[in-house]
Amino acid sequence: MANNHSPGDYKDEVSNGKNGSHDKRCKVVCFGEMLIDFVPTVGGVSLAEAPAFKKAPGGAPANVAVCVSRLGGSSAFIGKVGDDDFGYMLANILKENKVDNSGVCFEPRARTALAFVTLRADGEREFLFFRHPSADMLLKESELNISLLKQAKIFHYGSISLIAEPCKSAHLAAMKIAKKSGSILSYDPNLRLALWPSPEAAKEGVMSIWDQADVIKMSEDEISFLSGGDDPNDDNAVLKKFFHPNLKLLVVTEGSKGCRYFTKEFRGRVAGVKVKPVDTTGAGDAFVGGILNNLASDLSLLKDEQRLREALRFANACGAATVTERGAIPALPTKDAVLKLLDKLST
């Protein structure tokens, strides 16, 4: 993106009501944090050893919203950023990616969140967050864009927005409004232990809204932590602990190995898509964007195992395409890129 804007230029662009959405009814509305990731320009080093950092827009719910739009779907984002240059830049990035940003608020009393992300030699990450507090934590229930929430076919969120008030109350209110309006609720715990006061608070907070979701995506590490040490490969233990009566789909992501899926009618595994990882930031969010975009087009996928497996393979490929570049939003794929990757693997 060109860097010859002033903060005022960004403000004009994101507050003029032209949000670039190409569908009056936003099919996937994402709620939560949007921030700046600073990613080392070289892998396998500590933060102190990194010679330089690449600035990359991120934040799990925002990543999902952009991914859905890149894949050709309709999406919106609800959250709060700072009344600062980074905040207006992020809101404008949503607009540039055809994500409805009319639910974005600007906070004058706190800065846009920052995260420094260390890339280990295997492409996995370690995080150092700057949130004391950050703007996203200060979103109030009174600032929610109610009409946008009522438009959601799918309402997607994580757990970071549950850590502190007033954002926690805003999050719970948004879920209630979306559910009452007929939305499917999609939850990615996106566990970041370093942000919670304690491991116990994290477990309690993440699980406090578990039984309200219709679709849940979780990782093997999250299973181990939330279950108190259960084997994440034990399907029966996973079902017993995490599959609640109202759940329509539980997906366990396994990185490059692919994913497992559980519904009331069937369960199985879909193999991963092999690529050489550069940076795994945003891979899980790309996976979520891939599956939610398919579900937003046709919820009957949940009842047809073969079509669900195809949608999950597509989602696996979304994640795989994302790890081949650094950063989250900059690396999110288009539908054409995902289909080309799948074609390449099938030949």
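In the predicted model, the backbone nitrogen of Gly87 lies 3.2 Å from a polar atom belonging to the side chain of Thr112. The side chain of Thr112 is also joined to that of Asp84 by a polar contact of 2.8 Å. Thr112 itself is located in the loop that runs between strand 5 and strand 6, the latter spanning residues 114-119. With a relative accessible area of 5%, Thr112 is classed as buried, because this value falls under 20%. When residues up to four places away in sequence are not counted, Thr112 touches Met34, Leu35, Val81, Gly82, Asp84, Phe86, Gly87, Leu90 and Ala135.

Strand 5, which precedes this loop, belongs to an open sheet of 9 strands, arranged in the order 5-4-1-8-9-10-11-12-13 and paired in a mixed fashion. The edges of the sheet are occupied by strand 5 (residues 100-107) and strand 13 (residues 267-271), each of which has a single partner strand, so that one side of each is left without a neighbour in the sheet. From one strand to the next, the twist averages 15°.

Two helices that pack on the sheet may be described in turn. Helix 2, comprising residues 60-70, packs on the sheet through contacts with strand 1 (28-31), strand 4 (75-82) and strand 8 (154-157), and its direction makes an angle of about 145° with that of strand 4. Helix 3, comprising residues 85-96, likewise packs on the sheet, where it touches strand 4 and strand 5, and its direction makes about 175° with that of strand 5.

At the edge of the sheet formed by strand 13, the pairing with strand 12 (residues 258-262) is antiparallel and comprises 5 bridges. Within this pair of strands, Arg260 stands opposite Arg269 of strand 13. In general, the strands of a sheet pair through backbone hydrogen bonds, in either a parallel or an antiparallel manner.

A further residue examined was Lys241, which is found in helix 8, a helix covering residues 235-242. The relative accessible area of Lys241 is 41%, and this residue is therefore partly exposed, since the value lies between the limits of 20% and 50%. Leaving aside neighbours within four places in sequence, Lys241 is in contact with Leu226 and Ser227. The C-alpha atom of Lys241 is separated by 40 Å from that of Lys54, a residue 187 positions apart from Lys241 along the chain.

Terms used
Residues are numbered from 1 along each chain as its sequence is written. This is a predicted model: local features need pLDDT of at least 70, side-chain atom pairs count only at pLDDT 80 or more; totals for chains, interfaces and linings use all residues. Side-chain values use heavy atoms; hydrogens and water are left out. Two strands pair if DSSP finds at least two bridges between them. Helices (H or I, at least four residues) and strands (E, at least two) are DSSP runs, numbered from the N terminus. Axes are lines fitted to C-alpha atoms, for helices over the stretch in contact, and angles run from 0 to 180 degrees between N-to-C directions. Contact means heavy atoms within 4.5 Å. Buried means under 20% relative accessible area, exposed over 50%, partly exposed in between (1.4 Å probe, protein chains only). A polar contact is a pair of N or O atoms within 3.5 Å; within protein, one must be able to donate a hydrogen and the other to accept it, and residues adjacent in sequence count only if both atoms are side-chain atoms.
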